[in-house]
Amino acid sequence: MPHDRKTALLTAALDAAARGWPVLPLRPGGKRPALHGEAACTGTGVCTGGHVKWEQRATTDPDRIRVAWATGAFNVGIATGPAGLVVVDLDKPKGSSDTPCGVTTFTALCERTGQPVPSTRTVRTARGGRHLYFLAPENVRLHNTQESLGPNIDTRARGGYVVAPGSTLPAGTYVTEDDRPPATLPEWLCALLTPRQSSRGLMVAPVAPRSSRCATAALNAETAAVATTTEGGRNARLLAGARAIGRFVAWGDLPRDVVEQAFQGAGELAGLPPAECRATIRSALNWSIRTARPRETA
């Protein structure tokens, strides 16, 4: 049985590598890299010129993979950065938490922002969560996030890795549920995962005829940000988001009722009372429309 297990994990590693995704061995039955850290580095072998971190040691070379997995039943890690992937990790709450699971939170986020739940490569995790695989955008550097999209939703990109299907933990085995090729990361999701300074570029009015499409992307990004804001800053975030989008209403790129409905749903998802949402949205849009500069000078 141990031999069969080792063979199955080697096959899983080779399968990931064949897709162009560099892999690294993880501890048997665990999720941590089975490679020495910098503190334990002896400066020999691949580290002769200095310590080589796990992300740089991840490989798609079948011969190197066979040598590595010949010595033990190592689980398989996929280095998401070198693989050109962004993986959305929809986790299950640990213990007896009343927090909704990542799948529920992500589905609600998609519904409230008017987006379909993306269809892409999907892996069921050992604890019953989901990994959604996406192709990373070429023009944006995305890194790991922790619950920036909502409770029990993390992402892995540059500097991160995910446990590949076929790997086994005490809680269960990672299993591929949808083996289609990873879809391109949706624009609205990319906007939410982009550092705030960069994502604000979506709110700058472009020249026609792309204005309506970009206005919609900006609306999706702002409402998603409102929906995932935690208690203490929700009303302020709703006010700022609606003010930012008001210019597009003034310029005729977005109908006011569409904007009001989108922010209303996002505010309620964040936990704000409906009446408070309506008042804040109305005030913010009135101010933004009244003070909006002409498109040519904005």
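In this predicted model, the largest nonpolar core comprises 41 residues. Phe-106, Leu-185, Leu-189, Ile-245, Val-259 and Phe-263 are the residues with the most contacts inside this core. At least two core residues come from each of the following elements: strands S3 (85-90) and S5 (130-135), and helices H5 (102-112), H6 (187-193), H8 (211-227), H9 (234-250), H10 (256-270) and H11 (274-291). Helix H8 contributes the most, with seven residues.

Leu-189 shows how parts of the chain that are apart in sequence meet. Leaving out residues up to four places away in sequence, Leu-189 touches Val-88, Phe-106, Phe-134 and Leu-149. Apart from the largest core there is another one, made up of 27 residues. Its members include Leu-9, Ala-13, Ala-16 and Val-87.

The cysteines come next. Cys-277 has a relative accessible area of 0% and is therefore buried. Cys-190 also counts as buried, because its relative accessibility of 11% falls under the 20% limit. The structure contains zero disulfides, which means that no pair of cysteine sulfur atoms lies within 2.5 Å.

Ala-171 offers a surface position to set beside these buried residues. Ala-171 sits in the loop that links strand S9 (168-169) to strand S10 (172-173). Its relative accessibility is 55%, so Ala-171 counts as exposed, the limit being over 50%. Beyond its neighbours within four places in sequence, Ala-171 is in contact with Ala-126 and Arg-127. Between Ala-171 and Arg-127 the C-alpha to C-alpha distance is 5.8 Å, although 44 residues separate the two in sequence.

Definitions and conventions
Residues are numbered from 1 along each chain as its sequence is written. This is a predicted model: local features need pLDDT of at least 70, side-chain atom pairs count only at pLDDT 80 or more; totals for chains, interfaces and linings use all residues. Side-chain values use heavy atoms; hydrogens and water are left out. Buried means under 20% relative accessible area, exposed over 50%, partly exposed in between (1.4 Å probe, protein chains only). Helices (H or I, at least four residues) and strands (E, at least two) are DSSP runs, numbered from the N terminus. Contact means heavy atoms within 4.5 Å. A nonpolar core is a set of buried Ala, Val, Leu, Ile, Met, Phe, Trp, Tyr and Cys residues joined through side-chain atoms within 4.5 Å.
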